[in-house]
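Reader: I am new to reading protein models. Can we go through one together, feature by feature?

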Amino acid sequence: MSYYYQVIPLGQIHESLTYKFSKIIPVGSIVQIPLRRKTQGGVVLSQTTERQIKFDLKKILPIKSFYPHPLSKETIEFYQYLSVHYFIDLGMVYKMALQQYPTSDIKNYFSFSSKIYRSQKNLMEICKLTGKQWRELTSNQSIISTDRSFLFDKIVQSITLNEDQEKIFQNIWKKNNNFTTHLIDGVTGSGKTELYLKLIEENLKAGNQSLVLLPEIALTEEWSKRFQLYFGCEPFIWHSKQTKQQKSRILRSLLSGEPCVIVGARSAVLLPFQNLKLVVCDEEHDSSYKQEEGPRYHAKDMAIFKAKCNNAICTLVSASPSLESLYNLNNHKIISHQLVNQFHQTELPEIAVVDMNALKPGPRSWISKTIYDETIKVLKKQGQVLFFLNRRGYAPTKICANCHASIQCQNCAVNLVYHKKIDRLICHHCSSFYEPQQTCKMCSSDKFVSLGIGLERLQEEVDRLFPGYKSQLYSSDTLRTKKNKKDLIEDIFNQQTNLLVGSQIIGKSFHFPNLKLVNVIDGDSSLFSPDFRAMEKTYQLLQQVAGRSGREGERGKVFIQTYNPQHPIFQSIKNQNRNEFIQMELSRREQSQLPPYTKISQLQFIHPKSSELREICMEVLLISKKHQLSILGPTPSLIPYKKNHYQENFYFKEESYTSLRRKIDLLKSKMTPKNIRFLHIDIDPLSIA
Ligand SMILES: [Zn+2]
Ligand SMILES: [Zn+2]
């Protein structure tokens with residue numbers, strides 16, 4: 001007797017295929033199937049009957065094997081939604097989620113008096129067992145092999161909450177919790193993490209699974225240390241560098257419903273949970289949550305949806321919440337909880353704007369007299385100073401001294417950035433390296449001058465202005481390796497470094513108690529970008545950087561250099577009036593019909609030949625006209641030629657996701673199938689530049 005199943009293979013395929021098996025397999029099972037003469041993974045989506053099958057039954061191949069713990073119906077619903085919402089092939093969604101599905105060769109841990117140990121050696125060491133005792137205890141089944149892997153036993157340091165935290169905790173955590181979304185909104189140092197660690201503790205005690213999302217993998221390590229301090233064991237850490245064995249083990253635990261806590265960046269939101277009751281999205285405003293390469297999805301939005309599918313609590317956490325979240329507070333989709341800084345009793349830093357029109361420094365100089373004077377004051381009192389600039393390299397452009405032509409990347413239509421330390425020109429878009437000695441393509445001159453300022457050049461000026469003090473550069477270039485990063489960070493804590501020259505990366509997570517002054521060199525850098533979120537990002541960035549100053553006991557200072565001191569954004573920051581900024585920005589978005597008031601999708605066509613790309617654009621325009629789709633575009637990308645490919649962008653701007661989907665589906669159905677291959681759909685793009 002054969003049973004028939006619809007199976008979605010893990011891969012670039014949208015429709016499920018029919019397979020058979022001699023036994024009943026539950027829906028949601030992960031199976032091994034033969035496909036194109038290979039064996040690969042798939043997931044059973046439904047059972048089907050002989051009568052429903054419209055082709056020769058004899059041609060249907062058998063499923064080879066199946067994994068005993070199937071995906072929950074909530075998980076299947078979640079993947080279905082992800083596929084529909086973001087226009088990602090269903091098979092691709094499953095592939096992204098289950099690339100490393102559990103197999104039978106996972107080594108078991110050992111269980112002894114209700115505790116779990118990683119290995120025989122580990123158990124014998126901790127329990128001080130002799131070889132003889134080990135043999136006895138295994139033969140009488142006191143020590144058994146277990147498929148559980150989460151090493152939590154009991155809290156080793158209790159999480160104590162202050163009155164404010166306790167109140168919020170009680171508000172969020174209730175018996176028989178149902179899906180609700182909360183925003184924990186509080187400045188750095190207000191105890192947001194302890195508050196949600198308490199939620200995790202309760203959830204773990206209740207026998208449930210928790211998911212914690214962080215914007216970057218680099219942050220999971222520090223987080224894990226903090227977790228261990230209270231819970232006495234490591235959380236499950238999910239990232240691409242884990243071994244196959246580690247990933248399989250985590251998936252096995254998740255699917256078997258073992259109570260556990262998993263922390264990871266973006267992709268962790270895709271994991272198949274069995275018993276998920278708490279989702280935390282820390283630094284919820286961070287744009288890293290948006291996947292920008294390959295299949296595009298927004299991990300924060302999906303975290304909320306995942307919590308909804310699983311009827312779990314969703315907690316968003318931030319010191320500078322996203323405009324979307326703040327907008328949703330007004331709609332009552334999110335419940336807000338404010339935490340004030342109680343631990344350090346530190347006042348917010350004093351923020352001042354430096355008008356560069358009046359205080360412009362001399363040629364080839366970027367540091368104003370005001371900042372110079374303040375820096376000297378702090379240095380004399382042994383304080384540390386951060387010079388903040390969000391631009392890597394030495395100078396953003398090198399131009400020909402003779403004809404002023406710039407040097408561009410051969411693969412992309414962008415200027416090359418000079419990196420002095422390694423003496424190379426680098427394309428920041430395709431990472432190609434070029435020799436510094438170039439000949440001008442326009443006039444054959446070999447004399448070039450550096451234009452503008454990058455971090456390396458800023459450091460040169462800092463060293464020139466403050467001799468005798470040690471400066472150090474902190475950017476994604478210098479913090480690349482773990483060892484480097486550790487040394488550089490230690491230098492700050494040990495007061496080896498007086499002057500920090502850093503980019504966005506430093507604004508993210510590090511806490512430096514002796515940092516007394518933050519100087520923002522180019523406050524205007526993202527103000528005039530065509531990106532509609534530029535204001536919001538500038539505000540969040542400045543707020544975060546400002547939060548780095550004066551953390552323990554003493555009030556810090558922040559100076560922002562700008563050529564637009566009257567710009568409302570600087571006024572709001574200076575007055576530390578976030579509400580004023582939010583109201584202003586929301587009304588601007590409403591007037592221009594931008595998110596969160598509308599839903600936007602970007603349809604990007606990427607093609608190696610510009611003539612064929614033009615034909616595709618013509619086709620899109622014709623379809624749009626005929627079916628009244630009112631598509632916007634095409635507009636060339638900000639970088640129209642990138643990695644040897646041309647790009648053109650179209651947009652839909654609609655009132656709801658439903659109408660977005662309807663229009664995209666209609667457009668796709670009318671397009672020549674071969675042209676669809678060049679289409680990349682981005683729902684809720686980060687920018688529409
Ligand atoms: Zn030239
Ligand atoms: Zn390039």
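Author: We will look at strands, then a sheet, then helices. Keep in mind that this is a predicted model.

Reader: Let me start with burial. How many residues of strand S25 (residues 515–520) are buried?

Author: Burial is about how many neighbours crowd around a residue. The cut-off is 20 or more other C-beta atoms within 10 Å. In S25, 6 of the 6 residues are buried, so the strand is largely enclosed by the rest of the structure.

Reader: Which strand pairs with S25 over 5 bridges, and in what sense?

Author: For pairing, look at the bridges and the direction. Strand S17 (residues 384–388) pairs with S25 in the parallel sense over 5 bridges. Phe 388 has Val 520 of S25 as its bridge partner. Strand S26 (residues 557–562) is also joined to S25, by 4 bridges, and these two run parallel. There, Leu 517 stands opposite Lys 557 of S26.

Reader: Now a sheet. What is the strand order in the open sheet of 3 strands?

Author: Read the order from one edge to the other. Here it is S7-S6-S8, with antiparallel pairing. The edges are strand S7 (115–117) and strand S8 (143–146), each pairing on one side only. On average, neighbouring strands are turned by 35° against each other, ignoring direction. Strand S6 (residues 109–112) pairs with S8 over 4 bridges in the antiparallel sense. Phe 110 has Ser 145 in S8 as its bridge partner.

Reader: Which helix lies across S6 and S7?

Author: That is helix H3 (residues 120–127), running at about 30° to S6.

Reader: How do I read two packed helices? At what angle do H1 and H9 pack?

Author: Take the angle, the axis distance and the handedness. Helix H1 (residues 73–86) packs on helix H9 (residues 299–309) at about 145°, with the axes 9 Å apart. Their crossing is right-handed. Then list who meets whom. From H1 come Glu 74, Glu 77, Phe 78, Tyr 81 and Leu 82; from H9, Met 302, Phe 305, Lys 306 and Cys 309. By class, this contact has 6 nonpolar, 3 charged and no polar residues.

Reader: Last one. Which residues of helix H10 (residues 323–330) are buried?

Author: Find the buried residues, then find their cover. In H10 the buried ones are Leu 323, Ser 325, Leu 326, Tyr 327 and Asn 328. The cover includes strand S9 (180–186), strand S14 (313–318), helix H16 (534–547) and helix H18 (578–591).

Reader: What is the phi of His 332, which follows H10?

Author: The phi of His 332 is positive, near 65°.

Technical notes:
Residues numbered from 1 in each chain as written. Chains lettered and ligands numbered in written order. Predicted model: local features only at pLDDT ≥ 70, side-chain atom pairs only at ≥ 80, totals over all residues. Buried ≥ 20, exposed ≤ 12 C-beta atoms within 10 Å, placed from the backbone. Contact = placed C-beta atoms within 7 Å. Axes fitted to C-alpha atoms, helices over the stretch in contact; angles between N-to-C directions. Left-handed = near helix turned anticlockwise from the far one by under 90°. Nonpolar A, V, L, I, M, F, W, Y, C, P; charged D, E, K, R; others polar. Pairing = 2+ DSSP bridges.
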